[in-house]
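Subject: The structure we talked about

Hi,

Here is the structure I promised to pass on to you. Have a look at it first, and then read on for my notes on what turned up.

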Amino acid sequence: MATADYILDNATGANFRSDLNNTLAAIVSNNSSSSEPSTKYAYQWWADTNEGVLKIRNSANDGWVTLLQLDGTLTLEDGSNSAPALGFRDDLNTGIFSSAADTLDITCGGTTRGSFSSSGLAVTGNVSATTFVGDIDANNGDFDGTLEADAITVAGTALNTVIAGVASTNVTVADESSDPTCFPLFVTAATGDLPPKSGSNLAFNSSNGTLTATAFAGDGSALTGVGGTTINNNADNRVITGSGTANTLEGESTLTFDASLLNISSTTQGLGLRLTNTGNEYTEARFDAARTGAGNALGIIQGRWNNANNVCSIYLQTGDDTSNKDDGKISFLTAASGGSEAVRMVIKNDGDVSINDGNMIFASGHGIDFSATSDASSSESTTSMSNELFDDYEVGSWQPTWSAVHGTITPLSRHGDYVKIGRTVHCMFAISANGSSLSNASELKITGLPFSAEIPNANGPRGGGGVVFAGAGMNTDISQVIASGTTLRIKLTDSSFLQTNSSGVSFSYNASQISGMFSFLTAS
């Protein structure tokens, strides 16, 4: 057991000699040790006493290559048909390898041609020999020349056949009762020296006695034991469908037809009739009836809860009088629990839609779209349309609050009404006050508007309207009425009123009232 680092250090005579002897011992013993040398070199030998094999370091000095057993046995890698374990320097894909345990394979040009195993020799390709000695056992044989044999046996039994023009006297027949596919023999004519033939169109399973043919001719009256098709769950008026099993059909209890009515019944939600077209085409549900007269229903689509209450129907009506608006139409009818059906909406043949009862309710942000109508036009390039959706209408009341920039107001009563159409809000109001005073005021405010008004830019439109003052000691003019946010601002321009109060002296009045009407646009 000797390994060394193969480096002779400068030392005293005795130490240098010991280091040299260790190096020489490692060389002569091929670095024999149970563990690999601590210092490794490319192409270095190592007798691995732990595994009992001789190894050599690879050229990259990053691994070991096993060469042979230390007892002299030559071992090889398994290899493959494209890189055999034992090959030739000038032909590396030809040689010997092992594809599995207990198997020896021979490869030529990267293709396996022979395999020796416990079951024998398997050859891929042709076998050529001048002479065969011994027994030959093969599944199939192809002889291009003459086959000569002293005796020929079939399934272990001697076969007397025609040799040199001598007719056979006996034919030995083997029992093939377990063969699932036998081809019966037949001849091409009724008489003559004819060879037998067979065909895949007629087969016999000798293990179960089944004869299979592509087709049968005749009336079949003489056939016996012919099985039929089984229909599971069969009953009167049930529609028959496939079951997924050969010769078996299903009678559908939930799909029936009594020659006049097709009925689909189910206990599962969402099931019923579905029309599906998997191509790029439309599907069609069509009602054809020999009906006459404008008032006759061509077809009815009806839904009933609990088979009686809350009826919902769609009547499809047609006729031959195209000038009559009621001649062809679709009527939508509903009925409350226990009540009679009543027409709620009608689509007439000229396109008109009438609602006889109930309201049209739109989700928030939706309404009537007038985008099909023409838009505003003007010689000015800045004229443009921004919205054609009518999405709101509302009528209600609001409570106005009157306040002065300078002074006090004591309200007696106040009331307001409004109508909102789209974004436009029309407001009316009336406020009466008592014991009020103003000091050097040029603006009044009314707050509490029912909607927030759009705040215009410097050149944008402003809402406005008319406001009237009435009361003792009050006589002033109004220059502007502006809605901004939820506040109505009223600008005063009465010069005598402003001059009278320029010194800041309070001006009181009683039983005064302000009322008016104004409009504005909401912010959105």
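The protein chain holds 2 helices and 33 strands. Please keep in mind that this is a predicted model. The chain has 524 residues, and buried residues make up 19% of them. Its accessible surface comes to about 36,700 Å², with 50% of that belonging to carbon and sulfur atoms. As for how the chain meets itself, take the contacts with a separation of 6 or more: 36% of these are accounted for by residues 24 or more positions apart.

A good place to start looking is the largest nonpolar core, which has 20 residues. The members that touch the most other members are Trp398, Phe429, Ile446, Leu488, Ile514, Phe518 and Phe520. At least two residues of this core come from each of β27 (424-438), β28 (443-447), β30 (478-484), β31 (487-492) and β33 (512-521). Of the strands, β27 gives the most, with 4 residues. As background, nonpolar side chains in soluble globular proteins tend to be buried together.

If you want one residue to click on there, I would pick Leu488. Leaving aside neighbours within four places in sequence, Leu488 is in contact with Phe429, Leu444, Lys445, Ile446, Leu449, Val481, Ile482, Ala483 and Phe518.

Next, the second largest pocket, with a volume of about 310 Å³. Its lining consists of Phe370, Ser386, Asn387, Glu388, Leu389, Phe390, Asp391, Ile421, Gly422, Arg423, Thr424 and Leu521. Sorted by type, the lining residues divide into 5 nonpolar, 4 polar and 3 charged.

Now for some single residues in strands. Ser331 lies in strand β19, which covers residues 329-334. Is Ser331 buried or exposed? Ser331 counts as buried, because its relative accessible area is 3% and the cut-off for buried is under 20%. Neighbours within four places aside, Ser331 is in contact with Ser313, Ile314, Tyr315, Gln317, Val343, Met345 and Val346.

Phe204 sits in strand β11 (residues 202-205) and is partly exposed, with a relative accessible area of 30%. Beyond its neighbours within four places in sequence, Phe204 is in contact with Asp179, Pro180, Thr181, Cys182, Pro184, Gly209, Thr210 and Leu211. One of these partners, Pro184, is 20 residues apart from Phe204 along the chain, and their C-alpha atoms are separated by 7.0 Å.

Ile240 is found in strand β14 and also counts as partly exposed, at 35% relative accessibility. Not counting residues up to four places away in sequence, Ile240 touches Ile231, Asn234, Leu249, Glu250 and Gly251. The C-alpha atoms of Ile240 and Ser253 are separated by 9.5 Å, with the two residues 13 apart along the chain.

For a residue in a helix, try Asn21, which belongs to α1 (residues 13-28). Asn21 is partly exposed, with a relative accessible area of 39%. Between the C-alpha atoms of Asn21 and Ala4, which are 17 residues apart along the chain, the separation is 9.9 Å.

Finally, the loops. Asn31 lies in the loop between α1 and β1 (45-48). The phi of Asn31 is near 55°, a positive value in a residue other than glycine. Asn31 is buried, with a relative accessible area of 2%.

Asn247, in the loop between β14 (238-242) and β15 (248-257), has a phi near 60°, again positive in a residue other than glycine. Is Asn247 buried or exposed? Its relative accessible area is 55%, so Asn247 is exposed, the cut-off being over 50%.

Thr103 is placed in the loop between β5 (91-97) and β6 (104-108). With a relative accessible area of 18%, Thr103 is buried. Residues up to four places away in sequence aside, Thr103 touches Phe97, Ser98, Phe116 and Ser117. The C-alpha atoms of Thr103 and Ser118, 15 residues apart along the chain, lie 7.6 Å from each other.

Happy to go through any of this with you whenever it suits.

Best wishes

Technical notes:
Residues are numbered from 1 along each chain as its sequence is written. This is a predicted model: local features need pLDDT of at least 70, side-chain atom pairs count only at pLDDT 80 or more; totals for chains, interfaces and linings use all residues. Side-chain values use heavy atoms; hydrogens and water are left out. Buried means under 20% relative accessible area, exposed over 50%, partly exposed in between (1.4 Å probe, protein chains only). Contact means heavy atoms within 4.5 Å. Accessible areas come from the Shrake-Rupley method with a 1.4 Å probe; for residues, only the protein chains shown count as cover. On a 1 Å grid over the protein atoms alone, a cavity is a set of points where a 1.4 Å probe fits but cannot get out, and a pocket is an open set with protein on both sides within 12 Å along at least five of seven lines; lining residues have an atom within 4 Å of a point. Grid points are joined across faces, edges and corners, and a volume is the space filled by probe spheres set on the points. Ala, Val, Leu, Ile, Met, Phe, Trp, Tyr, Cys and Pro count as nonpolar, Asp, Glu, Lys and Arg as charged, and the others, Gly among them, as polar. A nonpolar core is a set of buried Ala, Val, Leu, Ile, Met, Phe, Trp, Tyr and Cys residues joined through side-chain atoms within 4.5 Å.
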